[in-house]
Structures are given as C-alpha cells and as structure tokens.
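Please open the structure in your viewer and keep the selection tool at hand. The tour below proceeds by selections, each followed by a description of what is found there.

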Amino acid sequence: MGMQYLHTMVRVRDIEESLDFYCNKLGLVEVSRNDYPQGRFTLVFLTAPEDVEAFEQEKAPAVELTYNWDPEEYDEGRNFGHLAYRVDDIYETCQRLMDKGVTINRPPRDGRMAFVRSPDNISIELLQRGDALPKREPWASMENSGHW
C-alpha cells in the first residue's frame with residue numbers, strides 16, 4: 001500500500017495576520033497561493049524552508065491555510081480542516097478501509113478524492129497519486145455519508 005503525507009489544512013480568520021505568524025515569526029515559506037472567487041476562498045500553502053524543493057516536486061509536505069472571504073467564527077476546532085495523504089489507488093484504499101469498517105464519508109466518485117474520519121472525527125483526505133482514475137462503480141454513484 002503506497003501512501004504519502006501531503007498537508008494539514010487550517011482555516012484562518014485573517015490571512016495577513018496568519019501569514020505574519022507562520023512566515024515572519026515561525027519561519028515557514030509561502031510556496032503556493034490560489035484565489036477561488038466562485039467559492040469565495042483563498043488557499044495558501046506553506047512549507048518549512050528545507051521542504052521547499054520537496055513541495056515543488058511532490059506538492060508535499062505543507063500546511064494549507066484556508067481563508068474564507070466571508071467572516072465565520074471557528075469554534076469546536078472547526079479551524080482545523082483535515083490531514084491529507086496521497087495513495088497509489090484511491091479505489092483499493094477506500095475498499096480496504098470499508099472492509100475494515102471505516103465509513104467513506106465522501107466517496108471517490110471522481111476517481112481522485114475521498115474523505116474518511118478518524119474515531120475522534122478528524123477528517124482525512126485521500127488523493128489519488130497522479131491523474132484521476134477512470135470513474136468506476138460502486139464509487140461513481142455512491143452518496144456522501146455524514147460530513148467531512
């Protein structure tokens with residue numbers, strides 16, 4: 001089973017204040033930034049200085065800061081988003097997890113991405129290594145279960 005740690009997502013209320021902390025004070029480096037006007041959010045990826053080359057090659061390891069343009073209070077740990085891992089075969093990984101009793105909260109309908117939750121309700125994002133796999137049943141028509 002091939003798996004690689006990718007990133008941890010954290011929601012932030014003030015992107016500039018957060019970047020000041022993570023970059024200017026903690027010493028991380030901004031390696032990617034994308035605005036999504038349709039979704040009204042910005043994603044900023046940060047990495048340790050020694051991991052810049054690895055991020056450029058593998059898009060990992062990193063911290064993903066998610067800034068939602070509309071104000072939102074983050075209570076009960078909602079500011080923590082998810083852990084992300086790259087897997088060799090998204091379908092095989094999800095099937096193996098299901099066989100072990102894990103609920104697939106967001107099935108890999110697109111052949112690329114799925115979400116599960118830990119026993120402590122930590123969201124785990126699974127991403128297909130390389131290109132998305134061709135859509136396949138039962139995944140393509142499987143509904144979401146709960147939230148992630």
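Select Arg-40 first, in the loop between S2 and S3. The model is a predicted one. The phi angle of Arg-40 is near 60°, a positive value in a residue other than glycine. Its relative accessible area is 38%, so Arg-40 is classed as partly exposed.

Next, select Lys-59, which belongs to the loop between H2 and S4. Although Lys-59 is not a glycine, its phi is positive, at about 60°. With a relative accessible area of 48%, Lys-59 is likewise partly exposed. Most residues other than glycine have a negative phi, and most peptide bonds are trans.

Extend the selection to Ala-60 and Pro-61, which are joined by a cis peptide bond with omega of about -10°. Pro-61 is in the loop between helix H2 (52–58) and S4. Then go to Glu-137 and Pro-138, where the peptide bond is also cis, with omega near 5°. Pro-138 is located in the segment after S8.

The tour now turns to the largest pocket, whose volume is about 570 Å³. Which residues should be selected to find its centre? Of the 21 lining residues, His-7, Phe-45, Arg-112, Glu-125 and Leu-127 are the closest to it. Colour the strands next: S1 (3–12), S2 (29–36), S3 (41–47), S4 (62–68), S5 (80–87) and S8 each supply at least two residues of the lining. The largest share, four residues, comes from S1. By character, the lining divides into eight nonpolar, seven polar and six charged residues.

Stay with strand S5 and select Tyr-85. Tyr-85 has a relative accessible area of 22% and is therefore partly exposed, since buried means under 20%. Beyond its close sequence neighbours, up to four places away, Tyr-85 touches Met-3, Gln-4, Tyr-5, Leu-6, Ile-124, Glu-125, Leu-126 and Leu-127. A distance drawn from Tyr-85 to Ala-114, C-alpha to C-alpha, gives 10 Å, for a separation of 29 residues in sequence.

Val-87 is also in strand S5. Is Val-87 buried or exposed? Its relative accessible area is 0%, so Val-87 is buried. Among its contacts outside four places in sequence are Gly-2, Met-3, Thr-93 and Leu-126.

Val-87 leads to the largest nonpolar core, which has 11 residues, including Val-87, Ile-90, Cys-94, Ala-114, Leu-126 and Trp-139. Helix H3 (90–99), strand S7 (113–117) and strand S8 (123–128) each contribute at least two residues to this core. H3 gives the largest share, four residues. In soluble globular proteins, nonpolar side chains tend to be buried together.

Within this core, select Leu-126. Leaving aside neighbours within four places in sequence, Leu-126 is in contact with nine listed partners that can be shown in turn, among them Tyr-85, Val-87, Ile-90, Cys-94, Leu-97 and Ala-114. Apart from this core lies another, of 10 residues, among them Ile-15, Cys-23, Val-44 and Leu-65.

Finish at Arg-106, in strand S6 (residues 104–106). Arg-106 counts as buried because its relative accessibility is 11%. A polar atom of the Arg-106 side chain lies 2.7 Å from the backbone oxygen of Met-113. Not counting residues up to four places away in sequence, Arg-106 touches Met-113, Ala-114, Phe-115, Asn-144 and Trp-148.

Note on methods: Residues numbered from 1 in each chain as written. Predicted model: local features only at pLDDT ≥ 70, side-chain atom pairs only at ≥ 80, totals over all residues. Heavy atoms only, no water. Buried < 20%, exposed > 50% of the residue type's maximum accessible area, 1.4 Å probe, protein only. Polar contact = N/O pair within 3.5 Å; in protein donor to acceptor, adjacent residues only side chain to side chain. Contact = heavy atoms within 4.5 Å. Core = buried A, V, L, I, M, F, W, Y, C linked by side-chain atoms within 4.5 Å. 1 Å grid on protein atoms, 1.4 Å probe; cavity = no way out; pocket = protein on both sides within 12 Å on 5 of 7 lines; lining within 4 Å. Points joined across faces, edges and corners; volume = space filled by probe spheres on them. Nonpolar A, V, L, I, M, F, W, Y, C, P; charged D, E, K, R; others polar.
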